[in-house]
Every structure is written in structure tokens, then in C-alpha cells.
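Here are some comments on the structure for a colleague who has not yet looked at it. They are best read with the sequence and the model side by side.

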Amino acid sequence: MSDASNEILLGVNIDHIATLRQSRGTLYPEPIQAALLAEQAGADSITLHLREDRRHIQDRDVAMLHDILQTRMNLEMAVTDEMLAIAEKIQPADCCLVPERREELTTEGGLDVKGQRTRIAEACRRLADAGVRVSLFIDAEPEQIAAAADCGAPVIEIHTGHYADADSAAGQQREFVKIAEAVEHGVAAGLQVNAGHGLHYHNVSRIAALPAIRELNIGHAIIARSLFTGLEEAVREMKRLMVNARVNQGV
Ligand SMILES: CC(=O)[C@@H](O)[C@H](O)COP(=O)(O)O
Ligand SMILES: NCC(=O)COP(=O)(O)O
């Protein structure tokens, strides 16, 4: 992975390889195999969400991947004592703190950092002490960005789910403007700004073209496409769209 500052990085989320495995309680498909193929195809990091209910990724996946990955592990997790202890023990390169509800199908919004400042600042401190870089998954709201910076997190990931789910062009444009402004706020606050959730092959380019975004984390669309094209091709095509959007930005 290079550090060229205008480079856009792709984190591939492998949760849904594990979703398929857990649906039948089999040993396959193996998320580790998927992670290695994704790296080989150009992923800059591997994202996985260890949910409290263990519906997809399991503790053993996190431990094994930590020893095997050649890029960075971005471990997504809720802000609980159990999860913090796991992250302190495993010490992934990155840890993204996310909100979690048992009943949700997928993450529905960003973390309320403003409303839980003390708890989140303490989690950021514990993870930093363990050598883990912390990212906070937040909505594109100025007060959440300011709170994230106050908590000492070096990175934020802007939730793009509302942009992805918008059911009209005008609605999507409104969400896009909020994200673009949030990226500028984040950079002005000295934060690395990543983004993700719900991004797919037809909505990723506008987001990738925002020059200050460092990394996009994308899972569901890549794993879905891999059924038909193979995982390596699905990762390569997503990375190609992102890099092209970045290269062509402002043209
Ligand atoms: C935090 C986030 O944006 C998501 O990637 C989340 O990890 C998705 O969780 P599921 O994979 O369970 O949908
Ligand atoms: N943090 C976002 C992520 O990891 C991937 O989300 P999705 O592409 O599976 O919606």
C-alpha cells in the first residue's frame, strides 16, 4: 500500500462471505480465502464487523485473519467492554467503532459521538494505548465530526447509507452535498476521512471523486457481484471505478 496522498484506497468488507457460511453452519465459504483473494486483486485493507450476536464474522475469523493479512485489518465493532477487550488483545491495525442494534438488518446510521462523548473518548484512549488506530463511523453531521475530533479519534468514516438509499435524484443530491461538506469539515478538523456503507458499482464514482476522501469501505456490492464474476474481478472493477473517478475529478 502506497502513501501517495491523493490515492484512494479500497477496504473490502468480507462480512457476507461469513453470512453465507453461517446460514448453513458449514466450513465454507471461508472468509480467510476471500480476504486473501481480495488483497491479491488490489484491496488495500480488509474490513470485518464482529457483531455482538456473531451473525456472520466469528472470533476465530478475526484472530486468524490478524495473523495472515498482508494489508491492514479494519475491525468494525460496537463500543462495549467485550469488544474493546477483544480489540486490545488482537490489536488490529484499525478499529472502526459503529452503532449496533440486534434487530437491524445492517448498520442503520452513524454513532452518536456527541451524545456519548465520555464513553467514546475512553474507548479511543484504550484502543490508542493498545496501538490501534481508531475510526468513528458517523453521519455527515458537523457536530458529530467536532465530537469525534474532541474524542481523540484520528479517523472518521462518513456513513454513506442515506446517499445510497435515497429514492430520488434530488434526495441523493442532498445527501451527496452533506457528505461533501462533511469531508471538508473532517479534513479541517485534522482527521483522516473515510466513507462507506451501501456503496455499489453505480453510485461509487461521485463519492470516490471527492478528493479529500482517503478510503472507501465496500462489502455487500462486491460480494454480491463476485457470485457472477469471481471475487478478484469484482474487487478489481470496484477499484478501477474508484481510481478512475479520482483521476478524472475536476475534468
Ligand atoms: C458499519 C458499516 O457501515 C457496515 O459495514 C456494517 O459493518 C455492516 O454490517 P453488516 O455487514 O452486518 O451489514
Ligand atoms: N463500513 C462500511 C462497510 O464496511 C461496507 O458496507 P457495505 O458495502 O457492506 O454496505
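1. In this predicted model, strand β3 and strand β4 (residues 94–97) run parallel to each other and pair over four bridges. One place to find this pairing is asparagine 74, whose bridge partner in β4 is aspartate 94. Between the two strands the chain passes through helix α4 (residues 81–90), and this β-α-β crossover from β3 to β4 is right-handed.

2. Strand β3 also pairs with strand β2 (residues 45–49), again in the parallel sense, and here the pairing extends over five bridges. Threonine 47 has asparagine 74 of β3 as its bridge partner, and asparagine 74 is also the residue bridged to aspartate 94 in β4. The connection from β2 to β3 goes through helix α3 (residues 59–68), in a β-α-β crossover that is right-handed.

3. As for how far β3 itself (residues 72–77) is covered, five of its six residues are buried, so that the strand is mostly shielded, buried being under 20% relative accessible area.

4. A separate matter is the annotation in UniProt, where an unreviewed entry places the feature "binding site" at Asn13, Arg24, Gly198, Gly219 and His220. These positions are spread over 208 residues of sequence and are spread in space as well, with up to 25.1 Å between C-alpha atoms. From this set, Asn13, Gly198, Gly219 and His220 belong to the lining of the largest pocket.

5. Where do two of these annotated residues, glycine 198 and histidine 220, lie in the chain? Glycine 198 is in the loop between β7 (192–196) and α9 (204–208), whereas histidine 220 belongs to helix α10 (residues 220–229). Glycine 198 has a relative accessibility of 37% and therefore counts as partly exposed, while histidine 220, with a relative accessible area of 57%, is exposed because its value is over 50%. When neighbours within four places in sequence are left aside, glycine 198 is in contact with Ala164 and Asn203.

6. Finally, valine 187 may be worth locating in helix α8 (residues 169–188). Its relative accessibility is 39%, so valine 187 counts as partly exposed. Apart from neighbours within four places in sequence, valine 187 is in contact with Val193 and Ala212. Valine 187 and isoleucine 8 are separated by 179 residues in sequence, and their C-alpha atoms are 15 Å apart in space.

How values were computed
Residues numbered from 1 in each chain as written. Chains lettered and ligands numbered in written order. Predicted model: local features only at pLDDT ≥ 70, side-chain atom pairs only at ≥ 80, totals over all residues. Heavy atoms only, no water. UniProt positions renumbered as here; feature names shortened; annotations may be inferred. 1 Å grid on protein atoms, 1.4 Å probe; cavity = no way out; pocket = protein on both sides within 12 Å on 5 of 7 lines; lining within 4 Å. Buried < 20%, exposed > 50% of the residue type's maximum accessible area, 1.4 Å probe, protein only. Contact = heavy atoms within 4.5 Å. Pairing = 2+ DSSP bridges. Right-handed = clockwise from strand over helix to strand, strands pointing away.
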